[in-house]
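Open your viewer and keep the selection box handy. We will go from stop to stop, and at each one you pick some residues and see what is there.

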Amino acid sequence: MIKLDYIFESSWEVCNKVGGIYTVLSSRAFTLKNDFGNKILFIGPDLNNNPNDFMEDKTLFCDWKRSLPDNLNIRTGHWKIPGEPIVLLVSHKTFFDKRDSLYYDMWETFGVDSSHAYGDYDDSCIFAYSAGLVIESFYNFYGLKNKKVAAIFNEWMLGMGALYIQKQAPAIATLFITHATTTGRSIACNNKPLYSYLHLYNGDQMAKELNVEAKHSLEKQTAKFVDCFATVSLITAMECEQLLDKAPDVVTPNGFEKEFVPEGDSYTKKRGEARNRLMLVTEKLTGRPVGNDAFLIATSGRYEYRNKGIDVFIDTINALRKSTGNTREIVAFIMAPAWVYAARADLKYVIENDYNTTAPMQTPFLTHWLHNMENDRVTNFILSSGFTNSASEKVRIIFVPCYLDGYDQIFNMPYYDLLIGMDATVFASYYEPWGYTPLESVAFGVPTITTDLAGFGMWASAIAPNDSVKEGVTVIKRTDDNYFEVVNDIAGTLMKLMDADAQKVRNNCFHIAAQAEWDKFISCYYAAFDKALANAEKRNRK
């Protein structure tokens, strides 16, 4: 392994929790910090709304900051995660006047076609450009020309940062990690069969058909030009090769950091607190108590109704509701951030005042009111499936459509602090490049069910190939056309889990999670660094 002197890593999700990339970076940081100390610098957007993640330290790099031009505004500090790595937050809005010249330069130099851009494309690319400026400025100011320096750029949003650095600071080795292809995700989101037709799809053609041409072009050209192109799983590697016309140089699977998980008495206490809160909210919303031995099930993640298998989850819980073989009380939670209008005032009131509700509230499965609720797919499917959450039903379903950051006004507990209270999780993914949610689940000792269309599911199949229910991970076979078979398989697995030795299953979860910790997977990143440095040296000799 070539020892790097500096690593820069840029992402829209540095100190900005949006999705799985936040978990990738925030959990991996501890391992990299142990190896590189303060020579790894994370670069994120200064959105003025990340006080819970960011500890500002104005004393860091004072001499450099004083040298910066007026329009390059940077705040320095530490990310409030295990390891507390150094973070540079950059305000990118001041560079929007550079947009047209930037896009022209990217077209002329790298063939990136931004002519069909819309939506979040401009904001993302201008941030990527500003991240590139930060790296270039730091590199030049501190005289790192003779040092071994690498810069990691995550997802298409940072593509222009990678290309900018390759042109303006060519000695820096560039790495681009795609966590999902834009076109592959769009195919899946538009209810087209991705897997049975993957070998027939043309990425450029599908990007045009699905109106994602600009993002696809940026992603494709970045993958082509950087020194090392990586993705997070074998299933996404196949997608990249077909849709981007470029196989990844390295596969870098996502690990987890055990520092996030409490142990011993702290674990028991946290689990009890989580269950108490989950049961309390359910009781107040539905107007009746939840038994201590109730089986709590959850699904969570980005609100991608089909891709994340939310539809399968609702159908599965409905199958358990209708099953004559199930005698266990069940509460199922859908934790997927939607377009929230506000926390329910009535629910908040009865919780805060410990008011004893004796009948279901209006819409007794929803914790927060939504904008355009009549068009919400989850709400409508729950209603059309016949859920009432009434006293006659052993199975209740609760939709939690907010970010669980500890400040949602109903649970007021972060996601991990609630996850630990579950008895099982289900992630019936159709499109899932890796799948952090099932990995997080087993890390917290909660058995999980996922599919072989998730990168984590593929990996787990090799780790626990036998009686996977007792092992803590069950991987369900999913194809383009076996939806109801998946529903039945998951329902059957949950029935088995209800009868299994919970402590034994929990211990097996910890065993599997230990094999996916970052100290096991970080070698893949070191292989990517080696590849990037070697290719950068080769490129600069030309």
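## Stop one: a bridge in the sheet

Select valine 426 and isoleucine 449: in β16, isoleucine 449 is the bridge partner of valine 426. Bear in mind as you go that this is a predicted model. Now widen the selection to residues 424–426, which make up strand β15, and residues 448–451, which make up β16. These two strands run parallel and are joined by 2 bridges.

Helix α13 is a good one to add here. Show residues 377–384, and you have this helix packing on the sheet, where α13 touches β11 and β14. The direction of α13 makes about 165° with that of β14.

Next, bring up the whole sheet. In what order do its strands come? The order is β14-β11-β10-β15-β16-β17, an open sheet of 6 strands with parallel pairing. Colour β14 (395–400) and β17 (473–476) to mark the edges; each has a single partner strand, so one side of each is left without a neighbour in the sheet. From one strand to the next, the twist averages 20°.

Then select residues 264–286, helix α10. This helix lies across β10 (295–300), β11 (330–335) and β14, and runs at about 100° to β14.

## Stop two: helix α12

Keep α10 on screen and add residues 345–352, which are helix α12. Which residues of α12 are buried? They are Leu347, Val350 and Ile351. Look down the axis of α12: its buried residues fall within an arc of 100°, so they line one face of the helix. What they pack against is α10. Turn to the face pointing away from the buried side, and you will find Ala345 and Glu352, which are exposed. Following α12 is aspartate 354, with a positive phi near 50°.

## Stop three: aromatic pairs

Show the aromatic side chains; the structure holds 37 aromatic pairs. Start with tyrosine 6 and phenylalanine 138: their ring centres are 5.9 Å apart and their planes are at 65°, so this pair is edge-to-face. Tyrosine 6 is in strand β1 (residues 6–10) and phenylalanine 138 is in helix α4 (residues 121–141), so the pair ties together parts that are 132 residues apart in sequence. Tyrosine 6 counts as buried at 12% relative accessibility, and phenylalanine 138 is buried too, with a relative accessible area of 1%.

Now jump to tyrosine 195 and tyrosine 430. With ring centres 5.2 Å apart and planes at 70°, this pair is edge-to-face. Tyrosine 195 sits in the loop between α6 (182–189) and α7 (203–209), while tyrosine 430 sits in the loop between β15 and α15 (436–443), so the pair ties together parts that are 235 residues apart in sequence. Buried or partly exposed: which is tyrosine 195? Tyrosine 195 is partly exposed, with a relative accessible area of 23%, whereas tyrosine 430 is buried at 0%.

To finish this stop, select Tyr6, Phe8, Phe61, Trp64, Phe138, Phe141 and Tyr142, which form one aromatic cluster.

## Stop four: the cysteines

Select cysteine 125 and cysteine 240. The closest cysteine sulfur to that of cysteine 125 is in cysteine 240, at 18 Å, too far for a bond. With sulfur atoms required to lie within 2.5 Å, the count comes to 0 disulfides. Cysteine 125 counts as buried at 0% relative accessibility. End the tour on cysteine 402, which counts as buried at 7%.

Note on methods: Residues are numbered from 1 along each chain as its sequence is written. This is a predicted model: local features need pLDDT of at least 70, side-chain atom pairs count only at pLDDT 80 or more; totals for chains, interfaces and linings use all residues. Side-chain values use heavy atoms; hydrogens and water are left out. Two strands pair if DSSP finds at least two bridges between them. Helices (H or I, at least four residues) and strands (E, at least two) are DSSP runs, numbered from the N terminus. Axes are lines fitted to C-alpha atoms, for helices over the stretch in contact, and angles run from 0 to 180 degrees between N-to-C directions. Contact means heavy atoms within 4.5 Å. Buried means under 20% relative accessible area, exposed over 50%, partly exposed in between (1.4 Å probe, protein chains only). The arc is that of the directions from the helix axis to the C-beta atoms. Rings of Phe, Tyr and Trp (its six-membered ring) pair if their centres lie within 6.5 Å; planes under 30 degrees apart count as stacked, over 60 as edge-to-face and the rest as tilted.
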